[in-house]
Amino acid sequence: METRPLGRTGAEVGVVGLGTWQLGGDWGDVDDERALAVLEAALDDGVTLLDTADVYGDGRSEERIRKALAARSERPFVATKAGRRADPFEAAQYTPENLRAWVDRSRRNLGVDTLDLVQLHCPPTAVYSDQRVYDALDSLVEDGAIAAYGVSVETVAEGLTALEHPGVATIQVILNVFRRKPLEELLPAAAARSVGILARVPLASGLLSGKYDESTTFGADDHRNFNRNGDAFDVGETFAGVPYEVGVAAAREFTAVCGDRSPAQVALRWVVQQPGVTCVIPGARSVEQVRSNVAAADLAPLTDAELADLERLYDERIRQHVHDRW
């Protein structure tokens, strides 16, 4: 798999990683056996970056990664996130004491002395400009608790604010065919500062797989059911903030552009070839999904005509439904 430098972390990672939110919760039940099979398939097929968070299943995702890596001699780069164990709308919770406690808990969950990367997990907007938070993260680097830190953001403005702080090594942001705003300012600005970009929600919560229609239902414990209106967390995390019915209709047109290729693979290939992207981090709930995602790294780049068709699809079907703040 093609590799790229992950910002200022010093690591080289494959262009397709694995997001592990679904191995913790909020995507329906994934038992231990299936979670282990997903992780092993990803690692066997060349994935070198795993993305997780301390709140995915209240630490279950991190713990499953630890168990999967226990018998392996080579360890992938593991990026975790911290901050949502506090009330995510209380900036005052992001104290040095809490940050250290959250980091120490992730170190235990993952079974390591030093975390490869800790990302602030979509905190209140004010946190991105709070120098005391970055000072606390710098102290954790100095102490060897973390090797590097970055931020996970909901908005372009939050990412641009984070870039003003020299210690930020990476930015994680929603980016997909239906969510293009980061291409305009954030990715060029990050590239100019040698900051890595991790692209999440690349399939718009599965919309871009082409497998859903208006009659598709999701379980009560699946965020694609309970968070469609942003009742639990930012609505942009679910179907990239696009109303479901609008997204399903647009996904049909997207599938037509894909021709005989897998829509999911084309969607991932689109992200990978955007200038400034380091790694795309799709989730997977089965070995088959993992292998399909990894194969997207070898797909031929989309042509200029196909890229123009997808931009036109966004302009005509999606743009009017995308919230201005994104």
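Two strands are said to pair if DSSP finds at least two bridges between them. That criterion is needed from the outset, since this tour of a predicted model follows the strands of its sheet.

**The β8–β9 pair**

Select strand β8, residues 168-174, together with β9, residues 196-200. The two strands run parallel and are joined by five bridges. To locate one end of this pairing, pick Ile174, whose bridge partner in β9 is Arg200. Now add helix α6, residues 186-192: with β8 and β9 it makes a right-handed β-α-β unit.

Keep β9 selected and colour it by accessibility. Five of its five residues are buried, so the strand is largely enclosed by the rest of the structure. In a regular strand the side chains alternate between the two faces of the sheet. Which residues of β9 lie on each side? Gly196, Leu198 and Arg200 are on one side, Ile197 and Ala199 are on the other, and all are buried, so that both faces are covered.

Next, move across β9 to strand β10, residues 279-280. These two strands also run parallel, with two bridges between them. Leu198 of β9 has Cys279 as its bridge partner in β10.

**The whole sheet**

Zoom out to show the strands together. They form an open sheet of eight, in the order β3-β4-β5-β6-β7-β8-β9-β10, with parallel pairing. At the edges are β3 (18-19) and β10, each of which pairs on one side only.

**A proline in the loop after β8**

Select Pro182, which is found in the loop between β8 and α6. Is Pro182 buried or exposed? Its relative accessibility is 2%, and it therefore counts as buried. Display its surroundings: apart from neighbours within four places in sequence, Pro182 is in contact with Val156, Val173, Ile174, Leu175, Leu187 and Pro188. A C-alpha to C-alpha distance from Pro182 to Thr155 gives 8.3 Å, although the two are 27 residues apart in sequence.

**Strand β6 and its neighbours**

Turn to β6, residues 117-121. Five of the five residues here are buried, so β6 is largely enclosed by the rest of the structure. On one side, four bridges join it to β5 (residues 77-82), and the two strands run parallel. Within that pair, Thr80 has Val118 of β6 as its bridge partner.

Then select β7, residues 149-152. It is parallel to β6, and four bridges join the two. His121 stands opposite Ser152 in β7. Between these strands the chain passes through α4, and this β-α-β crossover, from β6 to β7, is right-handed.

**Helix α4**

Isolate α4, residues 131-142. The helix has twelve residues and reaches 16 Å from its first C-alpha to its last, close to the 16 Å expected at 1.5 Å a residue. Its buried residues include Val133, Tyr134, Ala136, Leu137 and Leu140. Look down the axis: the buried residues of α4 fall within an arc of 155°, so they line one face of the helix. An α-helix has 3.6 residues a turn, so residues three or four places apart point the same way. On the other side of α4, Arg132 and Glu142 are exposed.

What covers the buried residues of α4? Show α3 (96-110), β6, β7, α5 (156-162) and β8, which are included in that cover.

**Helix α9**

Select α9, residues 263-272, for comparison. Ten of its ten residues are buried, so this helix is largely enclosed by the rest of the structure. Polar and charged names appear in the list to check: among the buried residues are Gln265 and Arg269, along with Trp270. The elements covering them include β1 (3-5), β9, α8 (244-258), β10, α10 (287-295) and α11 (304-318).

**The cysteines**

Finish with the cysteines. How many disulfides does the structure hold? It holds zero. Cys122 is in no disulfide, and the nearest cysteine sulfur, that of Cys279, is 17 Å away. Select Cys122 and then Cys258: Cys122 counts as buried because its relative accessibility is 8%, and Cys258 counts as buried at 1%. The cut-off for buried is under 20% relative accessible area.

Methods. Residues are numbered from 1 along each chain as its sequence is written. This is a predicted model: local features need pLDDT of at least 70, side-chain atom pairs count only at pLDDT 80 or more; totals for chains, interfaces and linings use all residues. Side-chain values use heavy atoms; hydrogens and water are left out. A disulfide is a pair of cysteine sulfur atoms within 2.5 Å. Buried means under 20% relative accessible area, exposed over 50%, partly exposed in between (1.4 Å probe, protein chains only). A crossover is right-handed if, with the strands pointing away from the viewer, the path from the first strand over the helix to the second runs clockwise. Contact means heavy atoms within 4.5 Å. The expected span of a helix is 1.5 Å times one less than its number of residues. The arc is that of the directions from the helix axis to the C-beta atoms.
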